[in-house]
Amino acid sequence: MNLSSLTKPQRTILLIAWLGWVFDVMDTALFNFAKVPMMTEMLGARRYRLEGPSVEGHIQTWFLIGWALGGLGFGILADRWGRTRTLIVTILLYCCLTGLTALCRTPEQVMVTRFLTALGIGGEWAAGAALVAESLPNDLRSRASSVLQTAAAIGPVLAALANLGFAQSSWRMLFLVGIAPAFLCVMIRSRVEEPPRTGRNIVPEGAVSMLRELFGDPKLRRNALVATAIGVVGVTGAGVIPFWIPNLVKEASHGLTELAIRTRTSNAPMAIHVGTLLGVFCFPALADRIGRKPAFAAFFVLSPLATTLALAGGSDYHRLLILLPLSTFFSIGVSAGFVLYFPELFPSRLRATGAGLAYNVGRIFSAPIPWLTGIAITAFNGSVAAGVLIAAFIYVIGLLVLPFAPETRGKPLPL
């Protein structure tokens with residue numbers, strides 16, 4: 001079977017989940033583009049040179065914590081309220097808070113709005129993953145996961161186009177663009193029906209009860225812990241290059257005007273996310289052929305090696321354009337495995353809770369990485385390339401965890 005065999009309601013669900021994730025990633029990328037001119041304006045040029053990357057990393061740390069808490073909280077609500085209602089609430093939340101960021105005047109205000117924005121982004125992923133997993137046939141879920149994760153490439157490109165379009169405007173205009181996805185809620189409300197609640201009629205009452213059931217069963221507890229560890233590694237690794245690419249481009253553009261640097265910064269993601277697009281299609285196909293665990297292992301090994309090739313010796317703009325797509329092929333391509341693998345580990349009544357925990361709560365443990373990377377950059381005399389290289393070796397932890405992960409290839413979703 002192929003995706004053309006999906007029914008109209010199934011295609012609508014896939015499209016809406018994809019759009020939700022595109023706008024999730026676009027929102028994240030908008031901040032990545034805005035953060036250098038934003039922090040330069042708020043801190044002043046001299047102070048930014050001394051501590052700018054550290055402040056940016058600190059804000060991103062709180063963003064990741066918010067993403068984690070949103071994934072857990074709204075994942076639980078999605079198992080109780082329903083997937084579609086939760087999608088509407090979370091998309092409205094992150095759109096409104098993204099727009100509010102345009103009014104910020106201090107780094108502290110930015111940190112608060114980014115934290116609140118992330119609550120919605122994390123919740124949208126948990127609800128969307130469960131909705132797609134339960135609405136599509138088992139033999140098409142790997143292909144659907146490839147389609148969904150193309151959002152990791154399309155979202156940054158949309159943000160890059162916005163950055164180009166407002167290249168001579170204030171960074172505040174970028175955050176106003178982030179309000180647009182709110183219109184997606186109208187489509188969800190009118191076109192998406194809640195999937196049958198198979199197995200969800202016995203959802204225990206209350207969030208604490210749901211977590212108690214998840215961690216009270218030895219098998220589910222192991223699955224939750226292993227998946228969360230994989231989420232920590234994958235989410236951390238996938239975020240390193242996109243977050244620091246504006247800094248890498250600036251480091252490789254000494255002597256150029258601010259407009260030229262901003263143009264380069266917009267063009268770079270369009271090049272590097274070619275690798276993302278190829279990676280998110282290749283990973284599920286590889287996972288179906290050789291198994292989930294071997295596919296994760298291969299990408300965990302090759303991602304830091306590819307990043308080393310791109311950044312060893314410092315930042316060079318043309319080398320970034322040529323070699324960073326190879327890095328994102330592995331580092332972001334592996335994220336296609338999350339939407340495929342995590343729902344396979346949990347029964348229907350706890351699927352959004354378990355997948356939300358694995359993908360999003362892992363961000364709590366990965367949250368300090370941007371801040372620590374910023375500190376490393378400062379310690380290495382402002383070398384962004386050195387800090388990014390250190391962060392890229394997070395995948396060693398993933399290789400240590402994989403032996404404990406269950407293999408789910410060829411098995412139906414647990415009821």
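The largest pocket in this predicted model is lined by 20 residues, and Tyr48, Arg49, Lys250, His254 and Gly382 sit nearest its centre. Its volume comes out at about 490 Å³. A second pocket, a nonpolar core and the cysteines round out the picture below.

**Largest pocket**
- Helices H2 (45-81), H10 (218-251), H11 (258-290) and H16 (368-379) are the elements that each put two or more residues into the lining of the largest pocket.
- H2 gives the most to that lining, with five residues.
- Sort the lining of the largest pocket by class and you get eight nonpolar, eight polar and four charged residues.

**Second largest pocket**
- The runner-up has a volume of about 290 Å³.
- Its lining is made of 13 residues, with Val36, Pro37, Glu258, Ile261 and Arg262 lying nearest the centre.
- Here the elements giving two or more residues to the lining are H1, H10 and H11.
- H11 supplies the largest share of the lining of the second largest pocket, at five residues.
- On the class count, the lining of the second largest pocket has seven nonpolar, three polar and three charged residues.
- H10 and H11 turn up in both lists: they give two or more residues to the lining of the largest pocket and also to that of the second largest.

**Nonpolar core**
- The largest nonpolar core takes in 113 residues, and those with the most contacts inside it are Met38, Met39, Trp125, Ile230, Phe296 and Phe342.
- Helix H1 (residues 8-43) is the top contributor to this core, with 18 residues.
- H1 also shows up at the second largest pocket, where it gives two or more residues to the lining.
- For a look at one of the well-connected core residues, take Ile230: leaving out neighbours within four places in sequence, its contacts are Phe296, Phe300, Phe338, Tyr341, Phe342, Val401, Leu402 and Ala405.
- Two of those partners, Phe296 and Phe342, are themselves among the residues with the most contacts inside the core.

**Cysteines**
- How many disulfides does a search of the whole structure find? Zero.
- Why does Cys96 have no bond to its closest cysteine sulfur? That sulfur belongs to Cys95 and lies 6.7 Å from the sulfur of Cys96, so the pair is too far apart for a bond; the cut-off for a disulfide is 2.5 Å.
- Cys96 counts as exposed because its relative accessibility is 51%.
- Cys282, with a relative accessible area of 36%, is partly exposed.

Definitions and conventions. Residues numbered from 1 in each chain as written. Predicted model: local features only at pLDDT ≥ 70, side-chain atom pairs only at ≥ 80, totals over all residues. Heavy atoms only, no water. Core = buried A, V, L, I, M, F, W, Y, C linked by side-chain atoms within 4.5 Å. Buried < 20%, exposed > 50% of the residue type's maximum accessible area, 1.4 Å probe, protein only. Helix = DSSP H or I, 4+ residues; strand = E, 2+ residues; numbered from the N terminus. Contact = heavy atoms within 4.5 Å. 1 Å grid on protein atoms, 1.4 Å probe; cavity = no way out; pocket = protein on both sides within 12 Å on 5 of 7 lines; lining within 4 Å. Points joined across faces, edges and corners; volume = space filled by probe spheres on them. Nonpolar A, V, L, I, M, F, W, Y, C, P; charged D, E, K, R; others polar.
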